[in-house]
Amino acid sequence: MLSLGFEEKLSSRLSAGVTLTSTTVAEIGLEIFLAANSVYFVELLANVNSVLATGSKLGLYYTGTFVTDNDTITQLRPVVAGGTSTLLISAGSAVQDTTPEHLYHFAGTILTSTSGRLYVKAGKYSGADDDFPILAGSCLVARRL
């Protein structure tokens, strides 16, 4: 592959917390745009307010398409008992952390077929929780490999 002469690094960072008020996942403002036919190393760090009692849910979504068998990334945190160690990137997928660790951390490579927007959605796990924020400083980063 030809080198562009510089390293492309895409990032999105929350400068202020985003309050989650619903059990339905909603966009929180972390998004990056990926090119077609490219390989990216992607990392997501999302800090959740520590007053959370029953848990939260968070998903990573992409509007483009992936190369076959490349639609999951490694789930480092939370460690969900009996769960898998991967996060499926799709419109219907979200990790539910019912024993809060207060941090979502995902990392892995993504091989795109078409260009698109990679973005994050989050929500409360239970309506019993008070409204809580995804904290400022949470970030989504991609580096083309």
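This passage describes the salt bridges, charge–ring contacts and aromatic pairs around Arg 117 and Tyr 119 in a predicted model.

The structure holds two salt bridges. In one, the side chains of Arg 117 and Glu 27 meet at 2.8 Å, N to O. Arg 117 belongs to strand E10, whereas Glu 27 belongs to strand E3, which spans residues 26–34, so this bridge ties together parts that lie 90 residues apart in sequence. The contact between these two side chains also counts as polar, again at 2.8 Å.

Glu 31 and Arg 117 form a salt bridge through their side chains, with an N to O distance of 2.8 Å. Glu 31 lies in strand E3 and Arg 117 in strand E10, so the pair links parts 86 residues apart along the sequence. Through shared partners, the salt bridges join Glu 27, Glu 31 and Arg 117 into one network. A polar contact of 2.8 Å likewise connects the side chains of Arg 117 and Glu 31.

The members of this network differ in burial. Arg 117 has a relative accessible area of 18%. Buried means under 20%, so Arg 117 counts as buried. Glu 27 reaches 44% relative accessibility and is therefore partly exposed. Glu 31, at 32%, is also classed as partly exposed.

Contacts of Arg 117 were then listed without residues up to four places away in sequence. Arg 117 touches both salt-bridge partners, Glu 27 and Glu 31. The list further holds Ile 32, Phe 33, Tyr 61, Tyr 62 and Thr 63.

Arg 117 also takes part in a charge–ring arrangement. Arg 117 lies over the face of Tyr 119, at 3.9 Å from the ring centre. Tyr 119 is placed in strand E10, which covers residues 116–124. Arg 117 is found in strand E10 as well. The relative accessibility of Tyr 119 is 11%, so this residue counts as buried.

Tyr 119 has contacts beyond its sequence neighbourhood, with residues up to four places away left out. Among them are Glu 27, Leu 30 and Glu 31. Gly 59, Leu 60, Tyr 61, Tyr 62 and Thr 63 are touched too. Leu 140 is also in contact with Tyr 119. Tyr 119 and Leu 140 are 21 residues apart along the chain, and their C-alpha atoms are separated by 8.2 Å. Glu 27 and Glu 31 thus appear among the contacts of Tyr 119 and among those of Arg 117. Tyr 61, Tyr 62 and Thr 63 likewise appear in the list for Tyr 119 and in that for Arg 117.

Another charge lies over Tyr 61. The charged end of Lys 121 sits over this ring, 5.3 Å from the centre of Tyr 61. Tyr 61 is itself touched by Arg 117 and by Tyr 119.

Ring–ring pairing was considered separately. With ring centres required to lie within 6.5 Å, the count comes to two aromatic pairs. Tyr 104 and Phe 106 have ring centres 6.2 Å apart and planes at 35°, so this pair is tilted. Tyr 104 and Phe 106 are both buried.

How values were computed:
Residues numbered from 1 in each chain as written. Predicted model: local features only at pLDDT ≥ 70, side-chain atom pairs only at ≥ 80, totals over all residues. Heavy atoms only, no water. Phe/Tyr/Trp six-rings, centres within 6.5 Å; stacked < 30°, edge-to-face > 60°. Buried < 20%, exposed > 50% of the residue type's maximum accessible area, 1.4 Å probe, protein only. Lys NZ or Arg CZ within 6 Å of the ring centre and 35° of its normal. Helix = DSSP H or I, 4+ residues; strand = E, 2+ residues; numbered from the N terminus. Contact = heavy atoms within 4.5 Å. Polar contact = N/O pair within 3.5 Å; in protein donor to acceptor, adjacent residues only side chain to side chain. Salt bridge = Lys/Arg side-chain N within 4 Å of Asp/Glu carboxyl O.
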